[in-house]
Amino acid sequence: MEKASFPKELLTKVIESNNKIWIEQYKTMTNFSKGYYQKLENFFRFHKFTNKPFNLFVLKDVEEYIEVLFDNDYAPNLIDSVISNLSSFKNFLIVQYPDNFSQSFLSNILSLKIGTKEKKYAESRPLTYKQLTHIKQYIKSNIRTEYIFNVFYQLGIDKKNFHVCSPNNAVREKNSFVKENIEIEFNFVIAELLTRVMLEPNFKATPNMISAHLKKIQMYLSDNNLLEEDQTITYNDIIKTHERFFFICPNCDRKKENISSNWILVKTSINNELQLICSECKGQL
Ligand SMILES: [Zn+2]
């Protein structure tokens, strides 16, 4: 895998003067590795922070930077280490410069960490109908989030096969992703999504990006009061959601979501009973 790198055009050469002083002070009074301070300096070289002293930062600023990291395929543990560094730095500043940094300054910064621990299957639970409806709207705001969520939700695949479901592996004639000897069939939702993805320059959806995008969904639900206390959203929750909202057609065995257009009522020739059959096979084989 190629190494993640920060887009150069989003970096400035200089660090805002107050920030520079604070970092220098931090370096003098602590004893971390060179790479540790480097991460901090890179953060403050983000082009949007050129004129902004750190004490005026809000969580949204940090979030914006983090977003660039995960859009550029930084590994979740690396992103989390940046957040940890910033958290230690701000704690240092609160002590050293109480006139500039309030006690509550960036108090929620650690909540931005994306390395949400994967829950065991037994501990996870499906999204509710309401949560799912909101998510389907929300993911339209970012095609990578939409892709990652839908590959899991629509296909219910094993996480370790996510790399198979890359747009490069899509074989349209088969409606399948094919890589080496693994073949994963996709439905019309994914087919339509692939058409849009093809129009996106530099589209990427790698296994590294999964937790960050699920974390975004979690934050969205949380911001809209749609999460239960301490509820996190991880891969297994999405798989359970798939199992809850997809049914197997009793005639053709295809798995279809519980959307009315996917299903029709078919009358058997033996009695007048109406049965729910998928609209693709319509009860014929
Ligand atoms: Zn069917």
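The protein chain of this predicted model is divided into domain 1 (8–112), domain 2 (121–245) and domain 3 (249–278). Between domain 1 and domain 2, the C-alpha centres are 31 Å apart. Contact between these two domains involves 5 residues of domain 1 and 6 residues of domain 2. On the domain 1 side that touches domain 2, the residues by class are 4 nonpolar, no polar and 1 charged.

For the protein chain as a whole, the secondary structure comes to 9 helices and 7 strands. The C-alpha trace spans about 85 × 40 × 30 Å along its principal axes. Of the 285 residues in the chain, 23% are buried. Among contacts with a separation of 6 or more, 65% are between residues 24 or more positions apart.

The interior can be followed through its nonpolar residues. The largest nonpolar core has 48 residues, and I79, I148, F149, V151 and F152 are those with the most contacts inside it. Two or more residues each come from α2 (34–44), α3 (59–71), α4 (76–96), α6 (143–155), α8 (210–223) and α9 (235–245). Of these elements, α6 gives the most, with 7 residues. Because domain 1 (8–112) and domain 2 (121–245) both give residues to this core, it lies between them.

F152 shows what surrounds one of these core residues. With neighbours within four places in sequence left aside, F152 is in contact with I157, Y235, I238, I239 and H242. F152 is also among the residues with the most contacts inside the core.

The strands come next. An open sheet of 3 strands has the order β1-β2-β3, and its pairing is antiparallel. Strands β1 (170–171) and β3 (182–185) are at the edges with a single partner strand each, so one side of each has no neighbour in the sheet. In general, strands of a sheet pair through backbone hydrogen bonds, in either a parallel or an antiparallel arrangement.

The pairing in this sheet can be traced strand by strand. Strand β1 is joined to β2 (residues 176–179) by 2 bridges, and the two run antiparallel. Across this pair, A170 stands opposite F177 in β2, and V171 stands opposite S176 in β2. The two strands form a hairpin with 4 residues between them, and N175 in the turn has a positive phi of about 50°.

On the other side of the order, β2 is joined to β3 by 4 bridges, again with the strands antiparallel. Here F177 stands opposite I184 in β3. F177 therefore faces A170 of β1 as well, and it belongs to β2, which pairs with both edge strands, each of which has a single partner. The hairpin of β2 and β3 has 2 residues between the strands, and E180 takes a positive phi near 50°.

A further antiparallel pair lies later in the chain. Strand β6 (residues 263–267) and strand β7 (residues 274–278) are joined by 5 bridges and run antiparallel. Within this pair, V266 stands opposite Q275 in β7. The connection from β6 to β7 is a hairpin through 6 residues. Domain 3, by its assigned bounds, covers 249–278.

Terms used: Residues are numbered from 1 along each chain as its sequence is written. This is a predicted model: local features need pLDDT of at least 70, side-chain atom pairs count only at pLDDT 80 or more; totals for chains, interfaces and linings use all residues. Two strands pair if DSSP finds at least two bridges between them. A residue is buried if 20 or more other C-beta atoms lie within 10 Å of its own, exposed if 12 or fewer, and partly exposed in between; C-beta atoms are placed from the backbone. Two residues are in contact if their C-beta atoms, placed from the backbone, lie within 7 Å. A nonpolar core is a set of buried Ala, Val, Leu, Ile, Met, Phe, Trp, Tyr and Cys residues joined through C-beta atoms within 7 Å. Domain bounds come from an automatic or database domain assignment. Ala, Val, Leu, Ile, Met, Phe, Trp, Tyr, Cys and Pro count as nonpolar, Asp, Glu, Lys and Arg as charged, and the others, Gly among them, as polar.
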